[in-house]
Amino acid sequence: MNMFKTILALTLILCPLNLVDAKEKKLLDNDDQRIVFIGDSNTHAGQYISLIEAQLLRNGNKVELVNLGLPSEGVTGLSEPDHPFPRPNVHDRLEAILEKTHPDLVVSFYGINDGIYYPFSDDRFEKFQKGINELTRLVRKAGAKHLMLAAPMFDALPMKKNGKLLAEGAEKYAWFAIYENYDDVMKKYAKWQFEADLDIDGFIHTHAVMKNYFLAKRKDNPDFVMSGDGVHINMEGHALLAKFVTNKLGYQYVEVPQEVFNAINAKRKLMHAAWLSHVGHKRPGVAAGLPLEEARLKSKELDASVQKAVESWED
C-alpha cells in the first residue's frame, strides 16, 4: 500500500477530530489569500506544508502558502547552556514577517524548544505564556487570522534506546541530552494553550493528537517511533500534521501521490529559502536563498510540473 494511503487510514482511525479545536472559526474566505507558516525545525523541514498545498491544489484552491519556519526557534528567547548559539526568538522577526508577507492566515507551531529540554520550571513556563500571548497579539494587530498548533509530544523512546536521556537533577540538559520526562513539560505547555483564552481563530491540540496516535500504534508495535530523536518528526509525522491542518482549512485529506508531493516540495524549498532571506533572521548556518523576485521567476518555471502532476492525480 502507498505510504501516504497507509498513514491516512491510520490517522482517520486513531485521531478523533474532537482533539482539534475548541475555538472554531472559518479560516479561509476565498482562494486569493496567503497563509504564512511559522515554527521551528519541523516547520522549517516543511513536508507537512507541501502535503497541505497538495490538498488545496487538488480542490482547485490556489491560496499561496509561505513557509517561514526556522530551525532552533522558539517564542521565549531561552537557550540551553550547550546550544552552539542563542536560540532564535520569533519575536525578533515577527513584525518583519507580518509587514513583509501581509498574511491572511498565520499558522504557528512552537513549544518543543521553549522548555529547552529541562525539567519543568515556573519561570520558563511564564516566559512561554508571555511569548505565546505576544504572538497572538501581534498576529491579530496585523489583521490576520491565526491557527495555532499546540506544543507537540516528545517521544523519549529513541533517545532512551541510545542512552541519551538524563534524570531529574542533572547538572544541565540540551537537545542532545534531554530530560527523561520532558514530555510532561510539553503536556503542561499544550494543556495551557488549549485551556487559555487565547485570541486565535483555530487550534489543534498537537500533543494529544500525537499521543493518541502513538498509543494506538504501540499496541501492535512497542518499538514504533515517528522520529529519530523524539523531536524531529519523519514523513509519517508530517502527514499526521498535514491531515489535521487540512481538515481545519475545510478540506478532506486524501492520499498524495509521490510525484505530486515531489513537484510541490521542490517549489516550496525554493520559495522557503527566498522568503527566509527576504524577511531576515539571526540564526547562523542557514543558507541564503535567492532574491525574492528571482525566486518567484524560477518558481513560475516549476508551475508547469506542479500543474501536470496535480492534473494527473487520481483518487
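For a chain of 315 residues, a compact globule would be expected to have a radius of gyration near 20 Å, and the value of 19 Å computed for the protein chain agrees with this expectation. The model is a predicted one, and its C-alpha atoms fill a box of roughly 55 × 45 × 35 Å when the principal axes are used as the frame. The protein chain comprises 11 helices and seven strands, and 56% of its 315 residues are buried. Among the contacts in the protein chain with a separation of 6 or more, 79% are accounted for by residues that stand 24 or more positions apart.

Helix α5, which covers residues 122–141, was examined for its length and its packing. At 1.5 Å a residue, the 20 residues of this helix should span 28 Å, and because its end C-alpha atoms are 28 Å apart, the expected and computed spans agree. The buried residues in α5 are Arg124, Phe125, Phe128, Gln129, Gly131, Ile132, Leu135, Thr136, Leu138 and Val139. These buried residues pack against strands β1 (34–39), β3 (105–109) and β4 (145–149), and also against helices α4 (94–101) and α7 (182–195). Following α5 is Gly143, a residue with a positive phi, near 85°.

Two further buried positions were considered individually. Arg93 is placed in the loop between β2 and α4, and it counts as buried because its relative accessibility, 4%, falls under the 20% cut-off. When residues up to four places away in sequence are not counted, Arg93 touches Gly39, Leu68, Gly69, Leu70, Glu73, Tyr110, Leu276, Val279, Gly280 and His281. Val209, by contrast, belongs to helix α8, and its relative accessible area of 4% likewise places Val209 in the buried class. Although Val209 and Leu241 are separated by 32 residues in sequence, their C-alpha atoms are 8.9 Å apart in space.

The structure was also searched for enclosed space, and three cavities of 30 Å³ or more were found. The largest cavity has a volume of about 90 Å³ and is lined by 14 residues, among which Met153, Met210, Gly230, Val231 and Ile233 lie nearest its centre. Helix α8, formed by residues 206–220, gives the most to this lining, with three residues. Sorted by class, the lining of the largest cavity consists of nine nonpolar residues, four polar residues and one charged residue.

Open space was treated separately, and the largest pocket holds about 660 Å³. Its lining is made up of 25 residues, and those closest to the centre of the pocket are Glu53, Leu57, Lys267, Ser299 and Asp303. At least two residues of the lining are supplied by each of α3 (47–58), β2 (64–67), α10 (258–279) and α11 (292–311), and the largest share, eight residues, comes from α11. In terms of class, the residues that line the largest pocket divide into 10 charged, nine nonpolar and six polar. Nine nonpolar residues are thus found in the lining of the largest cavity, and nine also in that of the largest pocket, whereas the charged residues number one in the cavity lining and 10 in the pocket lining.

Conventions:
Residues numbered from 1 in each chain as written. Predicted model: local features only at pLDDT ≥ 70, side-chain atom pairs only at ≥ 80, totals over all residues. Heavy atoms only, no water. 1 Å grid on protein atoms, 1.4 Å probe; cavity = no way out; pocket = protein on both sides within 12 Å on 5 of 7 lines; lining within 4 Å. Points joined across faces, edges and corners; volume = space filled by probe spheres on them. Helix = DSSP H or I, 4+ residues; strand = E, 2+ residues; numbered from the N terminus. Nonpolar A, V, L, I, M, F, W, Y, C, P; charged D, E, K, R; others polar. Buried < 20%, exposed > 50% of the residue type's maximum accessible area, 1.4 Å probe, protein only. Expected span 1.5 Å × (residues − 1). Contact = heavy atoms within 4.5 Å. Rg over C-alpha atoms; globule rule 2.2 N^0.38 Å.
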